[in-house]
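Work through the exercises below with the sequence and the model open. Try each task before reading its solution.

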Amino acid sequence: MASPSNYSEFLLICFPNYQNWQHWLSLPLSLLFLLAMGANATLLITIRLEVSLHKPMYYLLSLLSLLDVVLCLTVIPKVLNIFWFDNKSISFSACFLQMFIMNSFLTMESCTFMVMAYDRYVAICHPLWYPSIITDQFVARAAIFVVARNGLLTMPIPILSSRLRYCARNIIKNCICTNLSVSKLSCDDITFNQLYQFVTGWTLLGSDLILIVLSYSFILKAVLRIKAEGAVAKAMSTCGSHFILILFFSTVLLVLVITNLARKRIPPDVPILLNILHHLIPPALNPIVYGVRTKEIKQGVQKLLRRL
């Protein structure tokens, strides 16, 4: 890993223009972090202990929950460490590891949503085939695909950044080690670095989004053909939680992209805050949405609480 001769770490400066924000944000971010960890831990334990939830759909939900936990733990503790103890330093290896996890696990979440959309498509459009198509083996292969595709294709991003020569200041004007924030400190040409991330990111996220939209188009078409009383409401309820999570994930990501593109028109601290919230709010809301809207999970959580 290439590194400058005069320093061996970066300094993360959160909200360079409004550093007094840190004190006000530390409490709500801490509460959201505890909520995210507690909700996901409860969901994972419930699915693990409740035999009735040992089904492919809930295994995929467990995968999403694990990805949320890792993403949250990768970003938020360091942010809170900066807010509480003013510990702004981060080593080169830790910075590039954080960069890899953020890029790879974000696309892993998107890919998991795509697999979950396919699960709902088969369940509603081909219910008789569902038990033979969506099996435990299918979930295992899907999990391997999710990890391998996104891990391998996003790995060059931190590798390219780590091989740059950093001869400028070591101050990152961000709370986290994003590729753009870090690579700007280099005195090398970063065109290929940024181009690779842009093409890879939009290819992975874009292909997942297209397949999700196609799946729900077929689901909607199939649902509208159902004439049995109450069947439409039942079919849509099975997709409601999943659709809400996808919509929220896509909306937050879209807002983050738009604010970064319009960086010159808005304060630079706004995209930084949105980036933090993007790694915190979905992990906090995902298990709650499923827990509230899914009868089986709600019953499983109630059984778990009665055991305590």
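Three exercises follow, on a predicted model.

**Exercise 1. The largest nonpolar core**

Task: Find which residues of the largest nonpolar core touch the most other members, and which helix supplies the largest share.

Solution:
- Start with the core itself. It holds 44 residues, and Leu61 and Phe113 touch the most other members.
- Next, sort the members by helix. H1, H2, H3, H5, H8, H9 and H11 each supply at least two residues.
- H3 (92-125) gives the largest share, 13 residues.
- Now list the contacts of Phe113. Leaving out residues up to four places away in sequence, Phe113 touches Leu64, Ile212, His242, Leu245, Ile246 and Phe249.
- Another core lies apart from this one. It has 38 residues, including Phe10, Phe33, Val79 and Ile190.

**Exercise 2. Annotated spans**

Task: Take residues 138-160 and work out how much of the span is helix and how far apart the end C-alpha atoms are. Repeat for residues 202-223.

Solution:
- Check the record. An unreviewed UniProt entry lists both spans under "transmembrane region".
- Residues 138-160 are 96% helix and 0% strand, with end C-alpha atoms 34 Å apart.
- Residues 202-223 are 100% helix and 0% strand, and their end C-alpha atoms lie 31 Å apart.

**Exercise 3. A surface patch**

Task: Decide whether Val292 is buried or exposed, and name its partners in the nonpolar surface patch.

Solution:
- Locate the residue. Val292 sits in helix H11.
- Apply the cut-off: exposed means over 50% relative accessible area. Val292 has 54% relative accessibility, so it counts as exposed.
- Its patch partners are Leu35, Leu285 and Ile288; the four residues together have about 300 Å² of accessible area.
- H11 contributes the most to this patch, three residues.

Note on methods:
Residues are numbered from 1 along each chain as its sequence is written. This is a predicted model: local features need pLDDT of at least 70, side-chain atom pairs count only at pLDDT 80 or more; totals for chains, interfaces and linings use all residues. Side-chain values use heavy atoms; hydrogens and water are left out. A nonpolar core is a set of buried Ala, Val, Leu, Ile, Met, Phe, Trp, Tyr and Cys residues joined through side-chain atoms within 4.5 Å. Buried means under 20% relative accessible area, exposed over 50%, partly exposed in between (1.4 Å probe, protein chains only). Helices (H or I, at least four residues) and strands (E, at least two) are DSSP runs, numbered from the N terminus. Contact means heavy atoms within 4.5 Å. UniProt positions are given in the numbering used here, feature names are shortened, and annotations may be inferred rather than shown by experiment. Patches are made of residues with over 30% relative accessible area and no salt bridge: like charges are joined within 9 Å, nonpolar side chains (Val, Leu, Ile, Met, Phe, Trp, Tyr) within 5 Å. Accessible areas come from the Shrake-Rupley method with a 1.4 Å probe; for residues, only the protein chains shown count as cover. A salt bridge is a side-chain nitrogen of Lys or Arg within 4 Å of a carboxyl oxygen of Asp or Glu.
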